[in-house]
Amino acid sequence: MDSLLREELPEIVSNGAFGKNLKYVSFELNQDHMGQDQYMSTVLFGTVTTSDESQFHVVTKFKLRSEKLRHMFKIDFQFNNEIIMYEKIIPFLFECHRSLNGVEDLPLLPKFFYGRNKGGEFFERDLIMVENVNPLGFKLSEARMFLDYDHLITALQALAKFHGLSYTAKHKDPDTLQKFVMNIRDTQFDDNGEWLLKNNSFKRFATRGINRLLERSGDLYRDNEHLQRFQKLIDDGDNLLRRTLKPREPFSVACHGDFNRNNMFFRYDEAGIPVDVLLFDFGTSRYGSPALDLSFFLYMNTTQDMRESRCDDLLNEYCSTLAKSVPSVVRVPNKDELNSEMAMCAFFGFARASYFLPHQLKANVIYNDKMSEEENVEWLLKLGGNIGSDRVADIVQHIVDMKYTNV
């Protein structure tokens, strides 16, 4: 990858990625572990020096070399989405915000330098290059999975500002927004309309959590009407997911799509309290309910105790920041409306967390791309062992307790 990048950089620089009329001088590879949780790509960190003696700290993402994994994870579509977000959608959203708000209280994102997504026989040279924000004081949270309240609040404030951009853009220029988001490619379903994880996997992941919930609290939940509804809904998991992902106005936004602690960098004050959040990795972005981002984030990054004790506080902070991030004439969902969105869309957050959360319980899990589709599902069902089953059961319990079965 290093040698390939050095071959590409002279043309990238001369084409204006770092400014006009500059030439490439050198690239120094550095060992930066900020990208330790990159699962869908190969990542290099380094410093580009240009002819005016400027230095640019960059992180460069390449596609996976495994053809099976590229196809399984729809990596070409992910590169398409991330490049469109950085080149078209985010600049448009920022411009709408500035023109109506007249302020610079924008969500923090890395600078985008260059992206290419030719695919096919040229896939090895496809890349996305953005700013490495580690020298600016940003880093991943030390917690690998569950975040404390300060981190959660700071992250949700950033998400609210990001979603607020779409509401402002819909107010100012809805036609252009729709034109741009039409170019986002779906990364959740294959060409046949099946969820990317096959063999009735959604129902099987959900059943793992249901069975554990009944084992530990059967007297309380066995006859619960919302658990029974949950069990009926998962019988047709693919169509259930399609319904949750379908955009519904007036509240759909350009979603991050993978809003999770792996895809955000925090900056801290001297006391170690998070004060800023920077969002990155827009490969699975989509246009849909804000609850798609919220449900995945909460189910991936909060403990059961945190959800039970502070979920209202967290969603209230999101709503408050959202309302303050847009002009007063712009319509955004209030708390009751957001709860309705959560009831309709929480299954998306559950679907992804039901296999990814157990995956996160163990560091450095190696995926074997020689596995069949059935072997893959069986492997995912075993990840995390009993603790993984408990964490999935916690999410089922939250959906049932909150009556989030209105799909």
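## A hairpin to start with

M264 sits opposite L279 of strand 8. This pair belongs to a hairpin in a predicted model, where strand 7 (residues 264–268) meets strand 8 (residues 274–279). The two are antiparallel and share five bridges.

What lies between the two strands? There are five residues in between, and G272 in this hairpin has a positive phi near 85°.

## The five-stranded sheet

Now for another part of the chain. Five strands make up an open sheet, lined up in the order 1-2-3-5-4, and their pairing is antiparallel. Strand 1 (24–30) and strand 4 (112–116) each have just a single partner strand, so they stand at the edges with one side lacking a neighbour in the sheet. On average, neighbouring strands are turned by 25° against each other, if you ignore direction. As a bit of background, strands in a sheet pair through backbone hydrogen bonds, and they can do so in a parallel or an antiparallel way.

Take a look at the edge with strand 4. It is joined to strand 5 (residues 127–131) by four bridges, and the two strands run antiparallel. If you want a spot to find by eye, go to G115: its bridge partner in strand 5 is I128.

## A helix across the sheet

Which helix lies across these strands? That's helix 1 (residues 2–14), and the strands it lies across are strand 1, strand 2 (41–50), strand 3 (55–63), strand 4 and strand 5. Helix 1 runs at about 145° to strand 1.

## Two helices side by side

Further along, helix 6 (residues 201–221) packs with helix 12 (residues 373–382). Their axes are 10 Å apart and the packing angle is about 20°, which makes helix 6 roughly parallel to helix 12. Their crossing is right-handed.

Which residues do the meeting? From helix 6 come S201, R204, F205 and R208, while helix 12 brings E374, V377, E378, L380, L381 and K382. Sorted by character, the residues of this contact are five charged, four nonpolar and one polar.

## What the record says

UniProt, in an unreviewed entry, lists the feature "domain: CHK kinase-like" at residues 128–328. How much of that stretch is helix, and how much is strand? Over residues 128–328 the chain is 52% helix and 10% strand. The C-alpha atoms at the two ends of the stretch are 37 Å apart.

Definitions and conventions:
Residues are numbered from 1 along each chain as its sequence is written. This is a predicted model: local features need pLDDT of at least 70, side-chain atom pairs count only at pLDDT 80 or more; totals for chains, interfaces and linings use all residues. Side-chain values use heavy atoms; hydrogens and water are left out. Two strands pair if DSSP finds at least two bridges between them. Axes are lines fitted to C-alpha atoms, for helices over the stretch in contact, and angles run from 0 to 180 degrees between N-to-C directions. Contact means heavy atoms within 4.5 Å. Angles under 35 degrees count as roughly parallel, over 145 as roughly antiparallel, 65 to 115 as roughly perpendicular and the rest as oblique. A crossing is left-handed if the near helix is turned anticlockwise from the far one by less than a right angle, and right-handed if clockwise. Ala, Val, Leu, Ile, Met, Phe, Trp, Tyr, Cys and Pro count as nonpolar, Asp, Glu, Lys and Arg as charged, and the others, Gly among them, as polar. UniProt positions are given in the numbering used here, feature names are shortened, and annotations may be inferred rather than shown by experiment.
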